[in-house]
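Subject: Structure handover

Hello,

The structure is pasted below, and my notes on it follow.

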Amino acid sequence: MALRDVKIFTRQATGLTKEIGTLDTFIYNVNNQNIGIGVAFVLLFIPGFYAGADIFQSMLIAAVLALPMALVYAFFSAAIPRSGGDYVYISRTLHPLLGFVASWNWVFWMTVYVGVPAAYFAQYGLSGMFRMLGVATTNTGLIDLGNSFVNMDVTLVVGTLLIGFFAVIFALGTRLYFRLQNVVFAIGMVGIALAIALAFLGNSAEFAGHFDAYVASAGGIANASSLAVQPAPYDSLQTLYSSTWPQFIVLFAITSSFLGGEVRKARVSQLLGMPGGVIFVTIMMFLLAGSVAQLVGQPILGAISANYWSPDALGLSFVPTYNEVVGAAYPGNVVVALLLGFTFVFWTYVWLPINFLASTRALLAWSLDGLMPARVSEVSEDRHTPTVAIIIVAVMGWISLFLYTRGIINTLYGIFGWVLSFLVCSIAAMVFPYRLKTVFESSPVNWRVAGIPLMSIIGAVATVALLIVEYIWWADPVNGLDATTVTLGDDRMKILTILVLATGAAWYLGARFIQAQRGVRIERAFAEIPPE
Amino acid sequence: MARTSSIYFVADIHGSDVCWRKFLNAAKFYGVDTIIVGGDVTGKALVPMIERRDGRIEARVAGRVQLARTAAEVAELEARIRFNGFYPYRCDEASYEKLDADPAHRDEVFTGVMADTLRSWLRLADERLKGTGIRALVMPGNDDGWYVDDVLTESAEIINSDGRVLDLGEFQVLGFGPSNRTPWHTHRELDESDIADRLVTLEAQVDPAKPLVVATHVPPYGTGIDVAPKLRDDLSVVTEGGEPVMVPVGSTAVRDFIERTQPMLSLHGHIHESRGATRLGQTLAINPGSAYSTGALYGAIVTLKHGKVLSHQLVTG
């Protein structure tokens, strides 16, 4: 009898379902990585703000740095499935206080990125779509409408409506959202494929002329391509710094760590689904950015990027994202304008509902553990959805939207703080096989290399990778936390980053004190009962 | 003056040796006087440890075939299997082949192993709980075969609370283990109308003057503590956007009963992924959830006084 023939026998028992497959975990993770907005940012910001940076190396660096972390979460999801993600991993492996602070930090920054993508919807999505349609149909009313969406007061109003829309959707039940998201994701992916195809098929030789005509038709200057910027010689440090943009996308391929199975198998689906998501998204970003770059050429991309903060140099209200640029190669083609503009809109806000949902779930978990009032985890009688948690996240998201539209916070200034949670989780992975030896040894990922648990090795590699990530997010002159002192004129983002961690610790200790007055000992929520 | 009572409630430990051991130590650890297992004590998988002719032992653990040669390695492998809530079963190649080929024989062996394991658990309970004054209630759930009732009678310290109303002094506990229908066609499943009838019969035993705790294995329908992944006929999980679609699967009869009788507390299990607490009118309803296969014991601590719930806390022990 061969080794592979050795079976286990299960009986008919509740809950023994087939495991969720690789494709599902893959989709779940790809959903959370925003290919469209990622490439838009890579092309909008790297050519003009990082002299000598190579956008493809930048994307490769981001993927290499994100992969070990994706593996850490994949390993944890195999070892402690169905558990609520890193809140539980860190609480059980290191300390409940650290677990809560890491989770608090996650949720704070997630709610920030509920508000910011709400602004993107108008700022990058509706604006470009209507301007494209206006140019294609020579309708100045549509162009003006497009321009109006970059007015921050309009952005605030539209963003508020969008946050309100998703709050209602979640109050009606997550199933409605996931049905919607399935359709939206498909539309978004079709848009990516279409943009790649149209960019490859577009006439690069005539592009400068088409671009000039597009900008002029949109109300801009007559010869926009004359602003072309010749690329600077290759610069490895600028390339490293510029990787903040693609990192913003691929660092978040870990959402499927919340999906778990009961009979633990070697979780091929998770091990492939999370790192696979990083690789797939990177390939898609390569294809899209590559095809746009060959159509448009680096000099014009440089012109667009360099004038991001001064679009009036082009005579425009805002510089075009890649979908508008590709659409410009097909002058007067309303179908192309409509398809590219419409499909891109769905990428602009995709983080909003994902972060919204993840934040409400974290609030529920905290409430169940006694770290939030019980009302937070109460569900409505009719829809069985957590109304209070939804309202809290909606309000937090709206505050972030307001601060963003007032210029008080900027797009990526929170990532340094956010990554700290990933870092703590990677450290937890390193020590997990030693601190929770029995759980590790009984897990399907109890592999060893030269006697050392592979999970510890991956945790160590991820820790080093994330320290490099943190260095980049500190030092990048555009997005780095250190740069915010110059760009914002004070240390508010540094102070905020520290405050988030400090308030998390204070909240935990305060909740412990308050609950103790009621006879509830918070520390019991996480303490392991000795079995012997 | 009314005494303050505290309950530690868990469910769905499904054969996990480490969870059972933790359960027995929970009263001392949390300082409670009553501990309850709300159904589904037996496990779901039998793991043959096949003794080869050359003396080595092979078993499939966590999706991979693992080998043990020395006595220490065998003991370690066995412990690993038990940790996940599975039952190790030592056999030679011929016995394994018979197990594989003959479903009736396999059922018989499986049942025997489950019963023997439960007996060993009860012996441990009797050792640890004797003379402590701790009240320990265990009831079978829908996944537990009918033999479990007989085995439970062998314990001096454990009380089977299924189908009974037990007077615990300060309050009474109504226990009910069966569930509504599931896609797995398990041992103790009833139609909703039968559940309703059985609960009404039990209600007749309740002392209306004394506070009531209802412990039904299946949670009340549509309360948020009864949501499970939606399944297709082949038991695969329906997903949308990569995420499992969750649907309520609790019992409507249990919900009706709780809404009508309004006990101060109702305790449930059955749906492992639906950990939470909610209110049905004046009743606090709790499902502590289960993660037995990770060795973590999910539970709920509830403090009672004057016929009211003073506090509750979900814990991961």
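The buried residues of α20 in chain A (under 20% relative accessible area, 1.4 Å probe, protein chains only) pack against α3 (55-79), α10 (236-242), α11 (244-250), α18 (415-435), α19 (437-441) and β3 (452-453) of chain A, with contact meaning heavy atoms within 4.5 Å. Among these buried residues are A:M455, A:I458, A:A462, A:L466, A:V469 and A:W473. Helix α20 itself covers residues 454-475 and reaches 31 Å from its first C-alpha to its last, close to the 32 Å expected at 1.5 Å a residue, where the expected span is 1.5 Å times one less than the number of residues. Helices are DSSP runs of H or I with at least four residues, strands are runs of E with at least two, and both are numbered from the N terminus.

This is a predicted model, with local features needing pLDDT of at least 70, side-chain atom pairs needing 80 or more, and totals for chains, interfaces and linings using all residues. Residues are numbered from 1 along each chain, chains are lettered from A in the order written, and side-chain values use heavy atoms without hydrogens or water.

On the interface: 67 residues of chain A are in contact with 83 residues of chain B. The two chains bury about 6,500 Å² between them, 53% of it on carbon and sulfur atoms; this is accessible area (1.4 Å probe) lost on being put together, summed over both. Five salt bridges cross the interface (Lys or Arg side-chain nitrogen within 4 Å of an Asp or Glu carboxyl oxygen). The side chains of A:D369 and B:R275 meet in a salt bridge at 3.9 Å, N to O.

Regards

How values were computed. Buried means under 20% relative accessible area, exposed over 50%, partly exposed in between (1.4 Å probe, protein chains only).
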